[in-house]
Amino acid sequence: MRIHLFDTTLRDGLQCPGLVLRRVDRVRIASALVEAGVPLLEVGVPAMGATAVGDVRAVVRETGPERVVTWCRAREADLGPAAKTGAAGVHLSFPVSRIHMQAWRKSAAWVENELARLVSLGRNRFSSVSVGAQDASRADPAWLARFARMAREAGACRIRLADTVGILNPSSAAALTRNVAIAAPGLPIEIHCHNDLGLATANTLAALSAGATYASVTVNGIGERAGNASLEQVAVAAAQAYGFEHGVTLGALGPLCDRVARFTRIQIPKAAPIVGAHAFRHESGIHCAGLLVDPATYQPFPAEKVGRSPSTFVLGEKSGLSALQAACGRLGIRDSSPELLSKVRSLSRRTRRAVSDRTLVRLASTF
């Protein structure tokens, strides 16, 4: 099955508290996303003013207008600034849950009236108009189904099901997607998950397996609160675990994630799946012994597949003789005895850190 990864690093990702990017860095991130084969980029909120419009325009100049979708509230006044960006697509976000409609002092009748009107106005100015069901995960299912049918009839190119506060689980994400697909057949579905319960990637994949064909993602999973579904996790898992095709170059993910981490000043956690520093680093004796025979024993795929350096071993308290022998062979150390391993383990326990190559050479010289 073919799916489409819709990157929103430069819109929802930038809602991460305290995160500010220079225009040049936004353009560099957009360029890297395009180079990695990401087909669609959601960029900016033009209604924020002239600076925001200029930021989106700069991205459009770099990537071309067809890849760029810009975000609007369900307000006619937002369409003017959005059109000034030159983006080919626009996304209109509507509240669909009771709590969100009450918060914005809107009613179901207002949504019904404005949906058709705003989509029509948008189609006069943009090549594509997608519609967002804000807080879809807490909306009444019957009302959400009606909203989806109205979006299709209005001419929306796609509906976004937003798990705005990250409360879905894989089962409910799949059910939500199936219900909307049944209600509005032929209308492409995009799933947009937040990570408040740590389930954004799992929920995204569940929705894709249930019929969604677009997935909102951000590089390194950045975003407001606990962030969004991660581009690198969804891309690799979709291909590796589900066999989905999406056109993103997996080997570009490591450098892309590093670039975004550098520009945003948000470090990638060491244990982060796919691109974390520890994702392909090993210390356990039995793991290292197995990996020396066949890397597939304890790795689901080679590090090079996602643009990372080959896996490495760390010598420390949990190391075994096989890893020590491999390290000694690499460093030209003749002695790789159990006695040396004992010293390595003891030193690691005492210092509470791994033993470096330089320290290993020094330890070996004492025998």
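**Exercise 1.** How many bridges join strand β1 to strand β8, and do the two run parallel or antiparallel?

*Solution.* Let's start with the ground rules. This is a predicted model, where local features need pLDDT of at least 70, side-chain atom pairs count only at pLDDT 80 or more, and totals for chains, interfaces and linings use all residues. Residues are numbered from 1 along each chain as its sequence is written, and side-chain values use heavy atoms, leaving out hydrogens and water.

Step 1: find β1 at residues 4-7 and β8 at residues 214-217; strands are DSSP runs of E, at least two residues, and helices are runs of H or I, at least four, numbered from the N terminus.
Step 2: four bridges join these parallel strands, and L5 has A215 in β8 as its bridge partner.
Step 3: follow the order β1-β2-β3-β4-β5-β6-β7-β8, a closed barrel of eight strands with parallel pairing (strands pair if DSSP finds at least two bridges between them).

**Exercise 2.** Work out which helix gives the largest share of the largest nonpolar core.

*Solution.* Step 1: a nonpolar core joins buried (under 20% relative accessible area, 1.4 Å probe, protein chains only) Ala, Val, Leu, Ile, Met, Phe, Trp, Tyr and Cys residues through side-chain atoms within 4.5 Å.
Step 2: the largest has 92 residues, with L5, L144 and F147 among those with the most contacts inside it.
Step 3: helix α6 (residues 141-154) supplies the largest share, seven residues.
Step 4: beyond neighbours within four places in sequence, the contacts (heavy atoms within 4.5 Å) of L144 include V96, A133 and L161.
Step 5: another core of 15 residues, including L315 and C328, lies apart.

Notes
Buried < 20%, exposed > 50% of the residue type's maximum accessible area, 1.4 Å probe, protein only.
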